[in-house]
Amino acid sequence: MVTTVSVWILGDQLLVRHPALLAAEARVGRAAVTVLLVESEARLAQQRYHRRKLVLILSAMRHYAAALRAAGYRVDLRRAPDFATAVREHLAEHGADRMIAMAAAERGTRALQHALAHDLPLELLPNTQLLCGQHDPLPGTPITRRVVLETFYRAMRRHFGVLLDDAGAPLGGQWNYDAANRRPLPRTVGVPPAQQFAPDSITLATIDEVQQRAGVGDAAGFDLPVTHDDARRALAGFIAGRLSRFGDYEDAMRADDGVLFHSVLSPALNIGLLEPLEVIRAAERAYHVGDAPLNAVEGFVRQILGWREYMYWQYWRIGEHLVTANAWGAHRSLPAFFWHGSSDMHCVATVVQRVHQTGYAHHIERLMILSNLCMLAGITPAHVNDWFLASFVDAYDWVMVPNVFGMGLNADGGGVATKPYIASAAYIDRMSDYCAGCRFNPRIRHGPDACPFNVLYWNFLIAHEARLRANPRFGPAVLGLRHLDVAERAAVQQAAIALLAGWSGEPPP
Ligand SMILES: Cc1cc2nc3c(=O)[nH]c(=O)nc-3n(C[C@H](O)[C@H](O)[C@H](O)COP(=O)(O)OP(=O)(O)OC[C@H]3O[C@@H](n4cnc5c(N)ncnc54)[C@H](O)[C@@H]3O)c2cc1C
């Protein structure tokens, strides 16, 4: 007969209603449950991480432990060389007959859990942190079948009943308002600032500790929510202050503001301080009470119920193949300016320095500045992935691999995203004010003043012309090549060779 049960909760599973905790309590009652939370040295040092990410996870775990204790649980929060050692030592010391855990969202930790379950009384519950872990909208889809976001997203909307009318049709008559979400941001539009959460004593002590560790960026100035209450305040603040314009200006960029109308909720969502459905329902409510228009709410819901879930679903479906994919034959080293942020390109320097400082950039800066540049320059996908993993506060293998290899670099040749997200300086100029403050000219294709995005864009089109022409979503862009005669093509190619030769690829500092 089972008498005492331990529950092992990972640092990115800090859910209010953790399934393993609920299961254990239902079986033996709260008094017989001990919760294990592990600060694993091996996991923290698996690679260099942004120091703000380390503060976020450690401080949130420590607050979570305190909240569980206050709710009457016994908690074993322990620092250990690695997860396996911690689990074995915990079981030996606490004499639990059984341990219950929820499967990890990431492949590496999940494999370790399965290995431990071979010789320990460890029971693994399915991961239900992501909604597609609760309901697979397209079960049994063969790995060879290409599934586009839209198919997945509509199936998720139908199943979870999101933004539907009584007949089950999409509100407003359309599933997707993407076309209404691409406006540049006029200077006259003011942007309410994102909330900041002043660190309490637990977080301050964690910041001091993390500053001594190897890592990227600076933990000082850390201002993210680390408790459920603060994460809900961040959600409420976003809904009240920024959601209504999220749709219109979702793709806009501005040199003096790295957040604009984005939510900055990914750090809290990815560690369980917020759950996807509570965020989605809050946005839906804002539409129903008239606080936000449909293009904003649908656009936001599409990010969470669509892209976020789709990425997780693809990670577990094709992720193993993604990490070795290199469909465009990209083999160059990552330029050193990704680590120090010193570049003549105003947009690149601003975004990289901001990421270094805060661990955050919004989606379009990640996609159309950072990964666009890497794809056009032919940087090895694994190097790009490592940089993103090291640099972002919300970075985890399950979300990074499909976003970098799939969406950002099209390294899978179009499994995750239907077209390569590449663009010249014209796009950056249209959607931001970066070019106005830059020494390069966004309107010329080559020569000393030409924006490197132009040189590399046209060089990429020339190098991959036949293949791009065959892609119905990209074909029209290649038609622009007809304006380049043989001499200009050669000039672009020469300029690209010279430009890339001048970018030193150095290891991280
Ligand atoms: C190259 C690249 C790397 C990325 N790396 C990460 C990462 O490490 N971690 C991460 O959470 N997201 C990543 N994203 C996705 C997206 O850029 C971030 O989720 C988003 O910028 C987070 O900021 P936000 O909370 O203000 O998002 P908002 O713009 O306010 O969007 C709301 C939420 O939607 C979700 N979301 C939107 N797009 C995506 C997407 N493509 N994939 C997954 N979730 C999405 C996020 O949870 C986000 O919080 C990456 C995208 C690209 C192109």
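**Notebook: helix H8, a helix pair and two odd loops**

I started with helix H8 (residues 201-211), where Thr-203, Thr-206, Ile-207 and Val-210 are buried (under 20% relative accessible area, with exposed over 50%, using a 1.4 Å probe and protein chains only). These four cover an arc of only 105 degrees around the axis, so they sit on the same side of H8; the arc is taken from the directions from the helix axis to the C-beta atoms. On the other side of H8 I found Ser-201 and Asp-208 exposed. The buried residues of H8 pack against helix H3 (51-70), with contact meaning heavy atoms within 4.5 Å.

Note to self: this is a predicted model, where local features need pLDDT of at least 70 and side-chain atom pairs count only at pLDDT 80 or more, while totals for chains, interfaces and linings use all residues. Residues are numbered from 1 along each chain as its sequence is written, and side-chain values use heavy atoms, leaving out hydrogens and water.

Next I looked up H20 (residues 452-463) and H23 (residues 486-501); helices are DSSP runs of H or I, at least four residues, numbered from the N terminus. Their axes come within 9 Å and cross at roughly 120 degrees. That makes H20 oblique to H23 (oblique is what remains after under 35 degrees, over 145, and 65 to 115).

Last, the loops. Leu-260 has a positive phi of about 50 degrees although it is not a glycine, and I found Leu-260 in the loop between H10 (243-246) and H11 (266-269). At 1% relative accessibility, Leu-260 counts as buried. Asn-410 is buried too, with a relative accessible area of 2%.

How values were computed:
Axes fitted to C-alpha atoms, helices over the stretch in contact; angles between N-to-C directions. Helix = DSSP H or I, 4+ residues; strand = E, 2+ residues; numbered from the N terminus.
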